[in-house]
Structure formats: structure tokens, C-alpha cells
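Please open the model in your viewer and keep the selection panel at hand. The tour below goes from stop to stop, saying what to select next and what is there.

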2 protein chains.
Amino acid sequence: MALFLSTFVNKVDRKGRVSVPATFRAALAAQRFPGIVAFPSFKFPALDCCGIERMEEINRRLERLDQFSEEYENLTPLFHDAQALPFDGEGRILLPPKFIQHTAIAIEGQAAFVGQGGMFQIWEPERFARHQASLRERALRQGPKLPAAPAPEGGR
Amino acid sequence: MALFLSTFVNKVDRKGRVSVPATFRAALAAQRFPGIVAFPSFKFPALDCCGIERMEEINRRLERLDQFSEEYENLTPLFHDAQALPFDGEGRILLPPKFIQHTAIAIEGQAAFVGQGGMFQIWEPERFARHQASLRERALRQGPKLPAAPAPEGGR
DNA sequence: CGGAGGTTTCCCATGCTATCCCATAATTTC
DNA sequence: GAAATTATGGGATAGCATGGGAAACCTCCG
């Protein structure tokens, strides 16, 4: 299973290239497409990213919704704006102008790669810091709850 | 299942490396990733640590929540700050600067590995001593209670 | 059709740091 | 008491993030 952990801040060079952290690349190494798939977050100035296989999984989940329902339609933009970003020889990706704009990441600035478990996000570092603070605050207020272990074989 | 017992204090060398106690390594030996996963404790200047399998288990549970829900988001900070720390050939890990800072562990100082059962913590030894004292004091005041064993046949 | 301008992809060079490897001392086991 | 395991130290090496330039590519216009 691909598991993305920790936060890495890397530089964006003049051409709009960024190194994907080596540990993230390693988590994706087994997949057919050597690169990542990214799409603008609905709610935040960030990119949601994963490997191609996860994208296929998301598609399978989407297929379980009624084809002409509003929920279905609400989710399809995800595919409209998604882009496959291949690694270059050094493990970098090129951030397309649209993504630069959506995230407010600057050319010759920095990009934060944020592990989320099965996926990761890309943020402009200062915006992420603010986002993280507000997330913490909300999580404390609401009390994070992890669903019980899936019953079948359950540990213990 | 991995079970971590007792407390060990080891040196942190000039490069920020510490030996993980051999018994803890043995408890993790069966897992795919040879190393530990650590993240800053919410409440204390300490690191919470476990093996990769436990992290994957947490991720599996997380995946049962809707991808873009608030409950989901509330739990992701766990992954933002977690780091996989692989063992070197001698069973040491490298403490990243962030963790050094959070725990106030000093380069060329010491680190305490504290067994907690299914997980363990890493503390700066003096801080842990104070923490332990206040824990004891509270436990005495409140009287510790261990949940009863599940009924023999116990469903779930 | 051909070529100029701009862009993208590939390749090589560099400094830095983490990782590997070996050595030694202390401790435990047999 | 000898051998194995563990904790610790330090030097050598490989991998990573980063920068720049050359080659391939496309597009638009002459």
C-alpha cells in the first residue's frame, strides 16, 4: 500500500519544476505510470495528488453513484481538471500554469508536499501553515474520531 | 503483536543518531518496513512511535470515511507530521530537526525510549522524569482503572 | 514548404546530507 | 572465560535536491 507521510518543502525553479520527495516517489514506484496525478482541491488552494492506481480507484467509487445524479456531476470536475504529471529523469514534475495559479505557488518559490496517508497535497508553504493551524483548532473542538477497526478479522 | 516494555536511555550522537533499544527492534522485526514511524505528541514534548503496520491500520480506518468530509480532514494532521525513520545497519534512527526541536532533545544529549504497550514514546530524559512524576501523582489521586477483559465469547 | 521562435524534454554537473560500512568498547550469554 | 550481541563513534560513499544548458518538438508565419 502506498502511504504518504510527513511534510517536505522543496524549491520551485525558474521553469516551474519541483522535486517530488524521494519517499513519495518510492511509494509510487510500483505503479504503471511513473509520475503523479494532481487536481485542484475543491475547498482549498492546494492540489490533491495520488498515483494513477488510486485515480482508477476513485473512478470505481464514482461509478457506484447514479450516473445522472447531482452527486455524480458534482464530482466529475475532478476529472476535468486532473492532470497526469510525469517525473523527469531526476524525479521532478512540472507544475502547469493553472496549478500555479490555483495554489498561489510562486515560480522560484517553494512548494510543500504534505502526506495524507493514501494521498498527498501540494501547498504554498505559508498557506499550508495557516491551514494546518485551523485544522488543528477544529479537530480539537470537534474531537477527531477514528472509525472502529473493520470487524471481519479484527486485531486484538 | 508488537509489545513495547520498559524504559531505555540512549545517547544521541553528533549526527543526531540514536540506537533504538534491541528489544524494541525485535518487536518490530516481522514488519515490512525496517524502522519506526514517529510523530509529535499532541499533548507533550515527546514523540509517539510505532511500526508501519499500525500506521497502515490507522490509514485503513481513515479510508472508511468520506474522502472530502470534515471528519476525514480532522484526522489527516496525524500524517502531516509523521515520519518514517528507517534503521541503519546498526539499528539506529536519525532524529530529524523538527523532532529534535519538539522534544528538546539535544544533539550529543540523551533520549529516553519509553514502552507503552502497543506503542512507545521518545522523551528528553529529564522531561520524562517530571512527566512521570505528575502522571503518578494523578493516578494516585484518581485511582487507575483497567477496563474489564472482554467476555469469553464476546461478539463485536 | 521551410524555417524562426518559443517551449518542453532530456542530460549532465554540483553541493549537501543521509546512508553504508567498519572499528571499538561495553555488556550479556553460553 | 570465550563468544555473541549491543551501543557508540567516525570516515567513505551513494543518493537526493537543485541548477543550467543542449537537443527535440511544436506552432505559427512567411
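Which residues are linked with A:Arg54 in a network of salt bridges? Select A:Arg54, A:Glu57, A:Arg60, A:Arg61 and B:Glu63, and you have the residues that this network links. A salt bridge here is a side-chain nitrogen of Lys or Arg within 4 Å of a carboxyl oxygen of Asp or Glu.

Before going on, please note that this is a predicted model, in which local features need pLDDT of at least 70 and side-chain atom pairs count only at pLDDT 80 or more, whereas totals for chains, interfaces and linings use all residues. Residues are numbered from 1 along each chain as its sequence is written, chains are lettered from A and ligands numbered from 1 in the order in which they are written, and side-chain values use heavy atoms, with hydrogens and water left out.

**Chain A as a whole**

Now select chain A, which has six helices and eight strands; helices (H or I, at least four residues) and strands (E, at least two) are DSSP runs, numbered from the N terminus. Following the chain from the N terminus, you meet its elements in the order β-β-α-β-β-α-α-α-β-β-α-β-β-α. The C-alpha trace of chain A spans about 50 × 35 × 35 Å along its principal axes. Of the 156 residues in chain A, 42% are buried, where buried means under 20% relative accessible area, exposed over 50%, and partly exposed in between (1.4 Å probe, protein chains only).

**Salt bridges between the chains**

Over all chains, a search of the whole structure finds 20 salt bridges. Select A:Lys43 and B:Glu73, which form a salt bridge whose closest N and O atoms are 2.9 Å apart. This pair crosses between chains, with A:Lys43 in the loop between strand S3 (35-40) and strand S4 (47-50) of chain A, and B:Glu73 in helix H3 (residues 70-75) of chain B. Is each partner buried or partly exposed? A:Lys43 counts as partly exposed because its relative accessibility is 43%, whereas B:Glu73 is buried, with a relative accessible area of 9%.

Next, select A:Arg136 and B:Asp81, whose side chains meet in a salt bridge at 2.8 Å, N to O. This pair also crosses between chains, from helix H6 (residues 125-142) of chain A, where A:Arg136 lies, to helix H4 (residues 77-81) of chain B, where B:Asp81 lies. A:Arg136 is partly exposed, with a relative accessible area of 33%, while B:Asp81 is buried at 18%.

**A salt bridge and paired strands in chain B**

Move to B:Asp13 and B:Arg17, whose side chains meet in a salt bridge at 2.7 Å, N to O. B:Asp13 is partly exposed, with a relative accessible area of 23%, and B:Arg17 is partly exposed with a value of 23%.

Then select strand S1 (residues 7-11) and strand S7 (residues 110-115) of chain B, which run antiparallel and are joined by five bridges; two strands pair if DSSP finds at least two bridges between them. To see one such partnership, pick B:Val9, whose bridge partner in S7(B) is B:Ala112. Add strand S8 (residues 120-123) of chain B, which runs antiparallel to S7(B) and is joined to S7(B) by four bridges. Here B:Phe113 has B:Ile122 in S8(B) as its bridge partner. S7(B) and S8(B) form a hairpin with four residues between them, and B:Gly117 in the turn has a positive phi of about 95 degrees.

**Loop residues**

Which residue in chain B has a positive phi of about 60 degrees although it is not a glycine? Select B:Ala104, which has this phi and is found in the loop between helix H5 (97-103) and S7 of chain B. B:Ala104 counts as partly exposed because its relative accessibility is 35%.

In chain A, select A:Glu108, which is not a glycine but has a positive phi of about 60 degrees. A:Glu108 lies in the loop between helix H5 (97-103) and strand S7 (110-115) of chain A, and at 56% relative accessibility A:Glu108 counts as exposed.

Finally, select A:Glu90, in the loop between strand S5 (83-86) and strand S6 (92-94) of chain A. A:Glu90 is exposed, with a relative accessible area of 52%. Its C-alpha atom is separated by 9.9 Å from that of A:Val18, although A:Glu90 and A:Val18 are 72 residues apart along the chain.
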